[in-house]
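Me: I have a structure open and would like to talk through how its helices pack. Could you take me through it?

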Amino acid sequence: MWGREILARRLLDAEDAAPGDIHEHLTRLFPGHAGTAALYLVEHEYLHTPVARS
C-alpha cells in the first residue's frame with residue numbers, strides 16, 4: 001500500500017513495514033493522535049511530490 005510505504009519511509013527509514021509496526025510507532029510518537037498524524041505525514045509527502053502537476 002502506498003500509504004504504508006510512505007509512513008514506513010518517514011517513520012522507520014524503511015522501504016516498507018508491517019502495519020502493526022507503523023501503528024505502534026505512530027502511537028508512541030503521537031499518543032491519542034496517531035491517525036491524524038498519519039494523515040498529515042501522507043499529505044506532506046504529496047505537497048512535495050504531487051501525483052499530478054497543475
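Reply: What follows goes through helix packing, burial and the core, and bear in mind that this is a predicted model.

Me: OK, at what angle do α1 and α3 pack?

Reply: Helix α1, residues 2-12, packs against helix α3, residues 34-48, at an angle of about 90°, and their axes are 10 Å apart. Since angles from 65 to 115 degrees count as roughly perpendicular, that makes α1 roughly perpendicular to α3.

Me: Which residues meet there?

Reply: From α1, the residues in contact are Trp2, Gly3, Ile6, Leu7, Arg9, Arg10 and Leu11, and on the α3 side they meet Ala38, Leu41, Val42, Glu45 and Tyr46. Sorted by class, this contact of α1 with α3 has 8 nonpolar, 1 polar and 3 charged residues.

Me: And which residues of α1 are buried?

Reply: Gly3, Ile6, Leu7, Ala8 and Leu11 are buried in α1, and what covers the buried residues of this helix includes α3 as well as α2, which spans 19-29.

Me: Switching topic, what's in the largest nonpolar core?

Reply: That core has 11 residues, namely Ile6, Leu7, Ala8, Leu11, Ala17, Ile22, Leu26, Ala34, Ala37, Ala38 and Val42, with α1, α2 and α3 each supplying at least two of them.

Me: What does Ala34 touch, leaving out residues up to four places away in sequence?

Reply: With those left out, Ala34 touches Leu26 and Thr27, and Leu26 is listed with Ala34 in the largest nonpolar core.

Me: Last one, what follows α1?

Reply: Asp13 follows α1, and the phi of Asp13 is positive, near 55°.

Conventions
Residues numbered from 1 in each chain as written. Predicted model: local features only at pLDDT ≥ 70, side-chain atom pairs only at ≥ 80, totals over all residues. Heavy atoms only, no water. Axes fitted to C-alpha atoms, helices over the stretch in contact; angles between N-to-C directions. Helix = DSSP H or I, 4+ residues; strand = E, 2+ residues; numbered from the N terminus. Parallel < 35°, antiparallel > 145°, perpendicular 65-115°, else oblique. Contact = heavy atoms within 4.5 Å. Nonpolar A, V, L, I, M, F, W, Y, C, P; charged D, E, K, R; others polar. Buried < 20%, exposed > 50% of the residue type's maximum accessible area, 1.4 Å probe, protein only. Core = buried A, V, L, I, M, F, W, Y, C linked by side-chain atoms within 4.5 Å.
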